[in-house]
Each structure stands twice: as structure tokens, then as C-alpha cells.
Amino acid sequence: MKLLFASLFAVFATCLALAQPPEITKKHASAARISQGIRIDGQLDEPGWAAAQPVADFVQNTPNPGKPATEVSEVRVLYDNTAMYVGARLLDARPDSILLEMSERDNIGNTDWFAFIIDAYRDGNNAVGFGVTASGIQYDTKYSSATEGGGFGGVLSSGDESWDAVWDSEVERTQAGWVVEIKIPYSAIRFPNSAVQVWNVNFVREVRRKREISFWNEVNPNIAGYLNQSGTIGGIANIESPVRLSATPYISMYAENFYDKNGSPKSTWGRSINGGMDIKYGINDAFTLDMTLIPDFGQVRFDNKVLNLSPFEVRFDENRQFFTEGTELFNKGGLFYSRRIGGRPLHYFEAGKQLEEGEVVDDNPTESQLINATKISGRTNSGMGIGFFNAISAESHASISNKLTGDKRRVLTSPLTNYNIAVLDQNLPNNSFVTLVNTNVLRRGEDYEANVTGTSFSLRNKAQSYAISGSAALTQKYYPGLTDLGHKYFGSIGKTSGRIRWELGYNVESWDYDPNDLGFIFNPNEKTVVGSWSYNINEPFGNFLEAHVTFDGIYGRLQKPNVFSDLGFGLDAWILTKNRVAYGMFSWLEPIETFDYFEPRTEDFSRYYRFPTNRNIGGFLSTDYRKKLALDVNWNFRKFDEPGRHRFNLTLSPRYRASNRLSFYLETGSYNFKNDVGFVTYGDNGEIIFGIRDNITVENVLNTTYIFTNNMSLSFRLRHYWSKAEYSSLHELLPEGKLGEAMHDRFSDNSFNAVTVDCVYRWRFAPGSDIFIVWKNNTEDYTNIKEEIQYSYGEGVKRLGNLPQSNSLSLRVIYFLDYLNLKRK
């Protein structure tokens, strides 16, 4: 292994020596200081605008990289002691054809848009962006090198699109195109403590009807990264970071109803009033403290619950704003999964195991109550990012009553718990970085405590054409008189720019590696070699705009015992036509029998299931989103070398734009696993029981949005999920990994049927201040009782009316208080 890595490093060093940086000219702009105020009205009629140096000559990123933009853009930048001002005249030869779909804040619809990106510390890894659509919708984002892709119209990555700064903008349509005027207070950005400022910046515009995205400073799609291809802006002098102190108190009121037509009583009501506050304080020009006191997440969108037949935990998205906003630094290294905080109590399942004769569980909360959470983060002038995170959750108890004696008692399901994260992230030349992360979980009482220490790095050459990356982590669990240790490490080298790109990586996770107290891992105990090679055409050719082909493969073993587990090869290709229709195909081949050590669910990985050879093929179609009606189609078919065993999945996603204010998006999917094989239970003598089953799932999600104004919207989300597992036979898993003869008939079928509704009215009535009115409905039913199982989708739909359901109607008022505004008043 040492020889392998030595060879890889030698190859990388040779590549670095041979790679020549592409000739990229960094444009320079100057900002002009003003003494008179600017009124943000989209007019650009103040004298200061005429005196400012304009920047123009935008260059296409797509569809014709490197070519001049087809429409003229002219941008000016002003500043004073309190804010920076950006004014852009966006000319258009066909102003009556400018697309103007309205959308919710932080969501770019089918419309033209303009954005301004600031990398004040010039590290090429971190930035903030402020965008405005032609219909006046604001979009702000934070960029982090931890992720690539996404962000403004698919051009920039943020990693933190929930970041919500307070700034001002206005647009005005003219006979020559449209105009945008932006005011960004210094309290919304961080910059070095220096008398003279020089920042990396870029301006970007999309002409939506042409799907043309252009930058002021050229961004070449054949070069990895976007921020590293920014221009610069100077002329900014003698500005200071203001006192950044704001508070956002809230009050929320809930009316809740639980209805069960078969219950007694059928309907019960509850109500509650909650209050709390978020505080943001700028410790200095670079570091900010964020704190939430007595948070209330009752209006957060429902999770997409599923019927989980796998041996792995389901990973849910984080929808709580405090844990999505400003957390890009804490996500470095991949050791932080914020859903652990305030999540399922540690001993949630123990309550049902401690029942005595006559006892039942009356109440067992599925979430721990979060008391408070605090973040401190920032970056020094030398490029050192520093972050601290702390959160405390209260004790959780299950309520148990004895139906025979009438006695009641409480069982502790989670102790008072303290969560902590510390991060050091040093920027290095060429947009490289190295990061050190520590997480720990402290629990009151006799429960174990956990600690994880990890590091990650990425080193790139000056041309941004080659990179070497790696990470490592050590997990520790402290029990009374015992410490469990686990580890992982990963390394890769690759060519990251140009038409031909490749990557080769090696990953090890020990059998006892467990970061799951504050992190997430599906399964440890693996040693894998992964590789990929791709060919990318980003310039138009023939009837196409771009095309991509990727070959990849994986070879896997267990870390302990050191045995073979997995081998697979894939081929992916997709192409985009000049009509903006995208097609893609993929295939995956597992040419030999592999060994699944996780499905048998043994702690010592001593048993395995022989996974048959198989092949998977699929594809997608995506039509032009500029049209009123567009459609996405995804499908795949996986055939196993066993009689009648296959998987076929199909997803149809039509979207319809009824007007610039009203839109509909439906995603309907059918997932069919026929004669699938999986774990069922353990037998009376400890034998492992597998089953052959049909697992059929149908999921429908409808999203509807109506935009009243650029500060007022109504969104509606309906999700219906139905899934069944119907077993045709049960078998003992034999020591050689195959299934034995069919066993006695032990009923194991089950189904899960759920409907959720999230309806949200939002009115931003003042900067940073919102009123939310939210209706939430939840109906769900998991059953393994034969008479109640819904074996068809139609049965599932019919049964919904007979299931218990909960409804919540809530009002939440958030008001933004800024110290500087209060001081002026």
C-alpha cells in the first residue's frame, strides 16, 4: 500500500510540473466614494452614478463559453461609510421578451437575473452573493469550496442558500431592457480590517430566454471552480465594519387538532403560545456570534418518511433555518449532521422494553427539546477560519401507565445533552485548504460520551488542473471503565480541469468507526478503491451545446475481516441540445457475485449474503424549462441473475407555469422491487431469516406556489407515500451466504401509508421581518396486521379517510431589530 501511495504522489508531482496555467486576465474595477445619499428605486439618476467607472464586456459561460455576451451589461459600483451600492443597466434588444416569472425569496424562477459576488478575503474558497431577478425577487447565498455546482442559476455553489442577509434592491423595466439598483450594508458582509480594500468580485447575468449566462470576468467551464476566476475591485478606502448587533424576537401561536374517527373522543384540541429570540452579534470585523434562545421549529416542513427495509438509517434533510444558515464552516470534513441535535432521544426504544404487566406507553416524544444553540464563526486576515458551535437539549421522558393498578411513572429516554463543535480551516495558495474539526457530545449521568477528531485537505496547482485531497478521523466513545476507538482515512488524486478529467481514491473505515452521535454514516467497515474518468465537451458542436461521458468503478473489501465484498463498473453519458432538451443514459455492471455483510445484521460481520451478478441501465429526459409546460423523466431497470428478480423505477415530473405568479410542480414515482431478497428477523434459535418479497412503492409530491408580490407568497406542498412489502417465502440464511429451503409460513408482510401537507403563507412586511401562517396536516399508518395492510395503491388511497390525522394551524411573527437603525432613530 505504501508503494502504491508513493507511486500516486510521484504521478501527481509530475502532473504539477507539466501543467501550465491557462492565461486568464483578471479584470479590475474601481468603486467611487459618494457623499450624497442614494435612493434605491431602480432609476440610477443620482449624480454619483454618472461619475462612477462603468464595467462591461461580459463573457459567456454558456452556451458559447469565451464568446462575448449577446446583450450589453453595464455595471457601476459606489460606496460610502455605511454601504456599497451596485447599479446595473441590463440592455436587451427585445425588452418585451424578458422573462419575468415571480418566485419565493431565494428561489430563481424562469426569469432573467443579475448577481454580484464578493470574495472580500480573496481566498478563492469563500464568498457571498447577492442576486435580483427581473421581477424583483432577492436571492442571497454564501459560497463555500466544500461544494460545487448549484447556487445562482446553477452557476455558483453556496452550500448555504438559507443565509438570509438584510439588504435593499429595486428593479425598473425600461424600453432598452431593465435596471437593478442594490444597496448592501457593511453589516451584511465581512471584510478585512484594512485602510484600503481590494476584493475579488464578479458580476453575472442570465438572459433566460436564451439560457445565456455571462460573467464580467470570464469563468471558463473547463477550469475547476468559479471564485478563483473572479476579477478585482479597488478604490475602496477608509471604511469600517459597523457594530453588527441585531435581534430577531418571535412569537408563535398554535391551534392543534387530533382526529380519530374510531377513537374516544374522536377529536381532541390543544393550543400553545411560544416565544424566543435569535441574536446576531459581530464580535469584530470578521467574527460573528449567532444564538437562538428557546427555539421553536413547529413550522418546519415534514420529513419525507419512508418504509425502510434496509439495514441503514434514513438520512433526512435539515429544514431548521438556524442549522442551515451559516454552518458551511462546521460542515467541513463531513462530521456534522445537525439532525442529531434535538433529534430522537438516545433511549427512545427502551421505554417499550421496560414495560411490566399491565403497563402501556402513553407518551414517548420522538424529538428532544432544544434549549438553546450558539455559533461563533469567522475568518482572519490570514485566511484562518475559526468556528465554535454549542447546543444543549433537555431531558426527555416517556410516560407509562398501568391499566391494572392505575399507577403512572416516567422513564428517562434522553439525559441533558451538550453538543460541541470546534473548527480550524486554513486557506492555502491556489484555492487549497486544510481543516481540523472536533465534535463531542457530553451527557449527564451514566450514559456514554462521544468525541470525534478529524482533518481534511485539498491541494491544487496554480492552473487549477490537478488536485490531491484527503481526510482522516478518529472516533472515541467513553463508557464507564471502557473506551471504544474507531478510525477512517481517505485520499485521492485527480485531474480537475480540461476536457479529460479523472480521479483515483482509496477509502478505509474501520469496523468500529462510529461518528453518529453528532455525525452520520450509513455503514462503516470498508476498504474501497474508487476511480473515474470523464470526457467533457462544454462548447457547442453540431446541434448540441455540451456533452459528458464518465466511466467509473469500485472495488471493495471489509476492513475487518479483510475479505472481498464488492466490485462494480459504470458508464454515464448525457448531452444537451441547442433546444435545451437534455438526454442521459447510465449503466452499472456487477460482473461477479459480491458479498453483502450488512444485510444479515450481525455485529461481528461474520455472516454475509451472496449478492447475485446484475446489471442496471437507466436514463433521463429533461425538456426546456423556459416553456410553460416542461417534463423530467427518470427511469432504470436492474436485472439480477436470479429467476424473476428485477427492479424497475420510473419518475415523471411535469411542471406547469400557469402565469408569472402561479406555478405547479408534480413529481410522481413508481419503484418496483420484484422478488427482492432481504433480512426479515431472527429465528428462535438465533438463525438469520431472509425473505423473498415484492416491495412496491408509489410516491406523489405536488408543489404549488402563488406569488402575490416580491415580498408575499403562498406555497402548498402535498406528499402521499405508499409502500408495501409482501413476502412470498421465508428462508434461513445459510453459512455460505445462500438461502436455504423455504421455511414455515411466518407472516411478515407490512405496509406504510402517509400523507403530509405543508401550506405556508409568508409576508415580509419589513426588512428581515416576516409573518408566517402555516397549516400542517399529517396522516400516517404503519401496519403489519394482515387485515389492515394495504396491498395496492388504491387500497392505500381509500384507507386514508379512516386513519387518524393531526392538524396544526399556526401564526408566527418575526421582527428584525438592528442596533444601527435603532441608534439613528
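These are brief notes on confidence, one sheet and one hairpin in a predicted model.

1. **Overall confidence.** The average pLDDT for the chain is 92. A score of at least 70 is reached by 95% of the residues.

2. **The N-terminal stretch.** Residues 1–21 have a pLDDT below 50. The model still gives this stretch 20 contacts beyond near neighbours in sequence. Please read those contacts alongside the score.

3. **A second weak stretch.** Residues 155–159 also need a flag: their pLDDT stays under 50. Here the model has 25 contacts beyond four places in sequence.

4. **The five-stranded sheet.** The sheet is open, and its strand order is β2-β4-β5-β10-β9. Pairing within the sheet is mixed. Which strands stand at the edges? They are β2 (32–33) and β9 (168–174). Each has a single partner strand, so one side of each lacks a neighbour in the sheet.

5. **The β2 edge in detail.** The partner to look at is β4, residues 73–79. β2 and β4 run parallel and are joined by two bridges. At residue level, R33 stands opposite Y79 in β4.

6. **The β20–β21 hairpin.** Strand β20 covers residues 396–402, and strand β21 covers residues 408–414. They run antiparallel, with six bridges between them. One pair to locate is H397 and its bridge partner L412 in β21. Five residues lie between the two strands of this hairpin. In the turn, G406 has a positive phi of about 80 degrees.

7. **Reading the strands.** In a regular strand, side chains alternate between the two faces of the sheet.

Notes:
Residues are numbered from 1 along each chain as its sequence is written. Side-chain values use heavy atoms; hydrogens and water are left out. Two strands pair if DSSP finds at least two bridges between them. Helices (H or I, at least four residues) and strands (E, at least two) are DSSP runs, numbered from the N terminus. pLDDT is the predictor's confidence in each residue, from 0 to 100. Contact means heavy atoms within 4.5 Å.
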